[in-house]
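Here is a short tour for anyone who likes to check geometry by eye. Have the viewer open and follow along.

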Amino acid sequence: MKTRIRALRWVTVLALLLVLEALPRAGLVRPATLEPVSVIFLRLGEILSTGTIPSPYFARAGSPTLASHLSATLGSILVSYAGAVLIGTPAGVLLWRLPTLARVLQPYLVVYYALPIFALYPLFILLFGTGFLPIVLLGFLFGVVVVVVNTALGLRRVDEEIYPKVGRSLGLRPVQMYLSIYLPGAAPYMFSGWKLAFVYSTISVIASEFLISVRGLGHVIDRSYRNFETANMYAAILLVIGGVMLANSLLTWVERRLYTRIE
Amino acid sequence: MPIIEVRALSKVHHPNTGAPPVEALRDVSFSVEAGEFVAIVGPSGCGKSTLLEIIAGLQSPTSGEVVVLGKPVQGPRTEVGIVFQEDSTFPWLSTLENVKFGLRARGVPPAEQEIQAKEVIQLVGLQGFEHHYPRELSGGMRQRVAIARTLVLRPQILLMDEPFGALDAQTRLLLGNELLRIWEEIKATILFVTHDLVEALRLADRVILMTRRPGRIKRIVETAAPRPRDQTLMASAEIAELANMLWEELRQEVVQEGRV
């Protein structure tokens, strides 16, 4: 049964790829909209093996190498994500420790959660220009809230459980309470916050690069699209999807290792 | 000198939700001798758990005091261990790690932790499950882990808050017998809260019957039955009479509470 389902999954993917190959070849879709998948994959292979984007536009712009864009994107994601985790986690702890503050901030947090921070990008350009800074700030602001909220939520859940009482009855000191009770107890919630923050930061960085940057994979997608370099555009999209999938499965693997001990 | 002295204890809970205050305990006094097995029985919500947590130093009384081993209780003490009703095993730790938990917190050297933990795991009959996680154990086994985690610290006083309350009848009976065996082996003093009269009579030397909320002491009876107590003894006329008498008193409390 399991192998049959797995086989069917592959069949679905193959069928989809065949359709995507056939449509442009049959002339049903214009090449500006979609190139045959084989062309796209070949282009991706070319970009990866030569390290250069075959494009007159990027050659003229002086940024033909994949490395220049990849490093910009990865750097922005890394900095904004690290900021979201390193600032958001202690902020969540603070929010849990100070219930009054949490109650005061509650409505703002709800609004902030729902707010498309990204819509403020013109303001960020006005304030910080078009470099690395506004992209990283947007990525950070987009990712940080879920870390704060999940950290506070996880710790509050531990408080609802009996574990802190057990800890106190066993004579744990405050530091031991944090490290041996609250941290492992809240870990699943905290980790899913960290995982979501990565997704949010990545979305924000790629989207910002569309609009603000002259570097980065988002920028490559946007410029290729505007210059009708359809194969380059799809190759860059594939690269982004592949990278996110890789990072996500890495995080899921870590998370599962964490969960098997807990659930 | 009694090992536990509860003197004129009262407790009023002030919920921080702004709900009206709840009087949980009113003027409760009793004492427990070293080595005794005392059961506290009362209707649900009569403040039994509150009483136990005050003795454990996890809550402070509104008035009155508890003296344990000659010293007033001001917080959790190493001589006192408590086992809770709900599953309190740490799901992120294996059986062995759960049992070692308190030893580690007290800075016992790792090799010593291992020896003591394995000894207690043997005592509660969990050998072979050292490396299982709580999710892989049954409810009864998890409660054994929780008991072992408390016992490994060698408390002179063991407070048990309906420790078998969440378990099925057979497991309860079995664990009750095991508890008596352990009690005889470690020679601790046990204060055991339950709402099950038969369980109380089967296990304890003395049974303290409490009223509905606010909890007061209604009656204290000596069971005075010889040990070990088997099923024939539990079915004997004296025990049945005692159970009927206590049940009649308990019934009045439950009915007046309007819970039936």
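## Salt bridges and what surrounds them

Over all chains, the count comes to 26 salt bridges, a salt bridge being a side-chain nitrogen of Lys or Arg within 4 Å of a carboxyl oxygen of Asp or Glu. This is a predicted model, in which local features need pLDDT of at least 70, side-chain atom pairs count only at pLDDT 80 or more, and totals for chains, interfaces and linings use all residues. Residues are numbered from 1 along each chain as its sequence is written, chains are lettered from A and ligands numbered from 1 in the order in which they are written, and side-chain values use heavy atoms, with hydrogens and water left out.

Four of the pairs are listed here, including one that joins the two chains.

| Pair | Closest N to O |
|---|---|
| Glu53(B) and Lys165(A) | 2.7 Å |
| Glu255(A) and Lys195(A) | 3.0 Å |
| Glu178(B) and Arg181(B) | 3.3 Å |
| Lys218(B) and Glu253(B) | 2.7 Å |

Helices (H or I, at least four residues) and strands (E, at least two) are DSSP runs, numbered from the N terminus. Glu255(A) sits in helix α11 (residues 230-260) of chain A and Lys195(A) in helix α9 of chain A, so their salt bridge ties together parts that are 60 residues apart in sequence. Buried means under 20% relative accessible area, exposed over 50%, and partly exposed in between (1.4 Å probe, protein chains only). By that rule Glu255(A) is buried at 9%, and Lys195(A) is buried at 19%.

Glu178(B) and Arg181(B) both belong to helix α5 of chain B, three residues apart, about one turn of the helix. Glu178(B) is partly exposed at 22%, as is Arg181(B) at 35%.

Lys218(B) and Glu253(B) pair strand β10 with helix α8 (residues 237-257) of chain B, linking distant parts of the chain, 35 residues apart. Here Lys218(B) is partly exposed at 27%, while Glu253(B) is buried at 5%. In chain A, Asp222(A), Arg223(A) and Arg226(A) are linked in a network of salt bridges.

## Where the chains meet

How many salt bridges are there between chain A and chain B? The count is one, and its partners are Glu53(B) and Lys165(A). On the side of chain A that touches chain B, the elements giving two or more residues are α8 (163-169) and α9 (174-211). The contact (heavy atoms within 4.5 Å) takes 18 residues from chain A and 22 residues from chain B.

## The nonpolar core

A nonpolar core is a set of buried Ala, Val, Leu, Ile, Met, Phe, Trp, Tyr and Cys residues joined through side-chain atoms within 4.5 Å. The largest one has 107 residues, and those with the most contacts inside it include Ile4(B), Phe30(B) and Leu51(B). Helix α7 (residues 132-160) of chain A supplies the largest share of this core, seven residues. Not counting residues up to four places away in sequence, Leu51(B) touches Val6(B), Leu9(B), Leu25(B), Val28(B), Phe30(B), Ile40(B) and Met210(B).

## Backbone points to check

The peptide bond from Arg213(B) to Pro214(B) is cis, with omega near -10 degrees. Pro214(B) falls in the loop between β9 (206-210) and β10 (217-222) of chain B. Glu162(B) has a positive phi, near 40 degrees, and is buried at 10% relative accessible area. Lys187(B) also has a positive phi, near 55 degrees, but is exposed at 66%.
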